[in-house]
Amino acid sequence: METAPGLARARRMQGSCRPTGGARSARREDGTAMRDDSLVARLVAQARDGDKQAWDAIVVRYAPLIWSICRRYQLDRCDADDVGQSVWLRLVDQLEFIREPAALPGWIATTTRRECGRLVTAARRREAFGSGLDAEDIPDGHPDEAEVEVLMAERNAALREAFGALPIPCQRLLALLIADPPVPYADISTELGIAVGSIGPSRARCLDRVRRHPAVAALINADPADGGDTREQPVGR
């Protein structure tokens, strides 16, 4: 299969932008294994075979996770772009070696924090004319925060997928119901051409569709996975 253009471009850029440091575990930072996510596993397998659409889907799914971590480190837009590029370039290198694709969100979160830490360290060293902390001395963040970041990324990706699969009337209704500032029911009735009294029941039916979507149902029904601390194990090889 022809190599996906996105992957090819990323590989060409590695000559001048390749990040340093080795990849770490694709496990959650609290030591527990990520749940088996067949969608993520399928996307990784397809992207590994050169499927550009699968690679783009991975980027769209987890770019918000990278940006949320960059914001926590108070990086500006330019530095955040550099971090994102480094994370995706490193992932290109690791795709063919990933043994646990469902653990990908944890790997992305860990790699992003390390890239942010390196940028912060470099800035401090410049300000202090050569003195400062090593990147390894900057904390990656509390384990609870890392867990929340990964779970939020999974939840948001599942909700976007479920929302996109809804019928257009449901999408319009839910969009109006969550608008800020809130839209009065009378205005929703006029906009959608439905009775005010049917808005509540229609919302319930639409939300039930969201809950029954496979991506959301998998999150709702996922059981906590057991496992030891494997943070020092490589992603592959």
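A residue counts as buried when its relative accessible area is under 20%. With that cut-off in hand, the salt bridges of this predicted model can be explored. A search of the whole structure finds seven salt bridges, and a few of them are worth a closer look here. Arg 90 and Glu 115 are a good place to start, since both are buried. Their side chains meet in a salt bridge, with 2.9 Å from N to O. This pair links distant parts of the chain, for Arg 90 sits in helix H4 and Glu 115 in helix H5, 25 residues apart. The story does not end with two partners: salt bridges that share partners join Arg 90, Glu 115 and Arg 118 into one network.

A second salt bridge brings together the side chains of Glu 161 and Arg 61, at 3.9 Å from N to O. Glu 161 belongs to helix H6 (residues 143-164) and Arg 61 to helix H3, so this pair ties together parts that are 100 residues apart in sequence. The two partners can also be compared with the cut-offs for burial. Arg 61 has a relative accessibility of 9% and therefore counts as buried, because buried means under 20%. Glu 161 has a relative accessible area of 31% and is partly exposed, a class that lies between the 20% and 50% limits.

Helix H3 also holds a salt bridge of its own. Lys 52 pairs with Asp 56, and their closest N and O atoms are 2.6 Å apart. Both residues lie in helix H3, four residues apart, which is about one turn of the helix. Lys 52 counts as partly exposed at 30% relative accessibility, and Asp 56 is likewise partly exposed at 30%.

Aromatic rings offer another view of how the helices meet. A pair of aromatic rings is described by the distance of the centres and the angle of the planes. In this model the count comes to one aromatic pair. The partners are Trp 55 and Trp 88, with 6.0 Å from centre to centre and 75° between the planes. The arrangement is edge-to-face, because planes over 60 degrees apart are placed in that class. Trp 55 lies in helix H3 (residues 52-72) and Trp 88 in helix H4 (residues 77-94), so the pair ties together parts that are 33 residues apart in sequence. Trp 55 is buried, with a relative accessible area of 6%, and Trp 88 is buried too, at 13%.

Helix H2 (residues 38-48) shows how burial can be arranged around a helix. Its buried residues are Leu 39, Val 40, Leu 43, Val 44 and Ala 47. These residues cover an arc of only 135° around the axis, which puts them on the same side of H2. Just after H2 comes Gly 50, which takes a positive phi of about 95°.

Another glycine, Gly 117, is found in helix H5 (residues 104-127). Gly 117 has a relative accessible area of 4% and is therefore buried. How far apart in space are Gly 117 and Val 83, C-alpha to C-alpha? The two residues are 34 residues apart in sequence, and their C-alpha atoms are 9.9 Å apart in space.

How values were computed: Residues numbered from 1 in each chain as written. Predicted model: local features only at pLDDT ≥ 70, side-chain atom pairs only at ≥ 80, totals over all residues. Heavy atoms only, no water. Helix = DSSP H or I, 4+ residues; strand = E, 2+ residues; numbered from the N terminus. Buried < 20%, exposed > 50% of the residue type's maximum accessible area, 1.4 Å probe, protein only. Phe/Tyr/Trp six-rings, centres within 6.5 Å; stacked < 30°, edge-to-face > 60°. Arc of directions from axis to C-beta. Salt bridge = Lys/Arg side-chain N within 4 Å of Asp/Glu carboxyl O.
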